[in-house]
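User: Hey, I've just opened this one and don't know my way around. Can you walk me through it?

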Amino acid sequence: MTDTPTRRLRPSLDRARKLPAWSALVAGTFLGGLLGGVYGALTPPAYTATSYVVAVPTDKATPDAARGFAQAYGRVATQLAVLGDAQVWAGVPVRTLRDSVRTATSPDAPMVAVTATSAQPELAVDMANAVSRALTRHAEDTKGSTQVRLVQFSRAVKPGKPSSATSEVTALVGASAGGLLGGLVLLARPRRTARDDGPAPAASVPGPATAADVQR
């Protein structure tokens, strides 16, 4: 009873040894490309729109202060205080804005990039512009203490094509990953040895002299 699993495993190992060495690579590449292509075809496209605002110092502030406040405004752009006003102009809930809008800043320029992503290109534009508008309004309210204003530098425009990967790209990525896994399987597969290829050694039979010595 204890050697039954071993007996069932041996035919599988024998079949694995008989497969060509390149079969794992071909199978992994094919399956990975197929799954990647299906994923890309079933995933809805995503469109990205970006608007820019720039921090402008007043007479009582320096350019360094403008760059510092640009960093600060970039961090607060996705907070509830700003998104609560932006939802009125964008026409979407605050949760949608929080999940779809990202900001980016640069230490070398007093600029804030507001990027929105959506399955609808028009909605991506509306969300990016709405957050930029709300951010400039909040900066205007605090201008007396910060001595820095936010000015609309560039409004978001309707994207001409999706920013997400196409099904061809996802298929290529899946094929590459599948080929890599197939190569790992190829390295880990059982290797054939001379003992497996050659016939089993015959049992040795003692000669007449040896048998007579044993009887004594």
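Here is a short chat about the fold, the surface and some contacts.

User: Before we start, what sort of model is it, and how are residues numbered?
Analyst: It's a predicted model, where local features need pLDDT of at least 70, side-chain atom pairs count only at pLDDT 80 or more, and totals for chains, interfaces and linings use all residues. Residues are numbered from 1 along each chain as its sequence is written, and side-chain values use heavy atoms, with hydrogens and water left out.

User: Cool. How many helices and strands does the protein have?
Analyst: There are 10 helices and 4 strands. Both are DSSP runs numbered from the N terminus: helices are H or I with at least four residues, strands are E with at least two. Starting at the N terminus, the order reads α-α-β-α-α-α-β-β-α-α-β-α-α-α.

User: And in what order do the strands sit in the sheet?
Analyst: The order is S2-S3-S1-S4, in an open sheet of 4 strands with antiparallel pairing. Two strands count as paired if DSSP finds at least two bridges between them. Strand S2 (101-106) and strand S4 (148-154) are at the edges with a single partner strand each, so one side of each has no neighbour in the sheet. From one strand to the next, the twist averages 25 degrees.

User: How many bridges join S1 and S4?
Analyst: S1 (residues 47-57) pairs with S4 over 6 bridges, in the antiparallel sense. If you want a spot to look at, Val56 stands opposite Arg149 in S4.

User: Which helix packs on that sheet?
Analyst: Helix H3 (residues 63-76) does, touching S1, S2, strand S3 (109-118) and S4. Its direction makes about 20 degrees with that of S3. Axes here are lines fitted to C-alpha atoms, for helices over the stretch in contact, and angles run from 0 to 180 degrees between N-to-C directions.

User: Switching to salt bridges: how many are there in the whole structure?
Analyst: A search finds 4. One needs a side-chain nitrogen of Lys or Arg within 4 Å of a carboxyl oxygen of Asp or Glu. One of them is in H3, where Arg67 and Asp64 meet at 2.0 Å, N to O. Those two residues are 3 apart, about one turn of the helix.

User: Is Asp64 buried or exposed?
Analyst: Asp64 counts as exposed at 51% relative accessibility, while Arg67 is partly exposed at 28%. The cut-offs are under 20% relative accessible area for buried, over 50% for exposed, and partly exposed in between, with a 1.4 Å probe and protein chains only.

User: Which residue does Glu122 form a salt bridge with?
Analyst: Its partner is Lys158, and their closest N and O atoms are 3.1 Å apart. Glu122 is in helix H6 (residues 121-141) and Lys158 in the loop between S4 and H8, so the pair ties together parts 36 residues apart in sequence. Glu122 is partly exposed at 41%, and Lys158 is exposed at 53%.

User: What about Lys143, which side chain does it meet?
Analyst: Lys143 meets Glu140 in a salt bridge, again given N to O, at 3.1 Å. Salt bridges that share partners join Glu140, Lys143 and Arg149 into one network.

User: OK, something inside now. Is Ser132 buried or exposed?
Analyst: Ser132 is buried, at 0% relative accessibility. This residue is found in helix H6. Leaving aside neighbours within four places in sequence, Ser132 is in contact with Ser51, Val53, Val114 and Gln152. Contact means heavy atoms within 4.5 Å.

User: And on the outside, which residues form a nonpolar patch?
Analyst: Phe30, Leu31, Leu34 and Val38 do, with about 390 Å² of accessible area together. Patches take residues with over 30% relative accessible area and no salt bridge, joining like charges within 9 Å and nonpolar side chains (Val, Leu, Ile, Met, Phe, Trp, Tyr) within 5 Å. Areas come from the Shrake-Rupley method with a 1.4 Å probe; for residues, only the protein chains shown count as cover. Leu31 is in helix H2 (residues 23-42) and is partly exposed at 48%.

User: Last one: how much of the protein counts as buried?
Analyst: Of its 216 residues, 28% do. The accessible surface comes to about 14200 Å², with 61% belonging to carbon and sulfur atoms.
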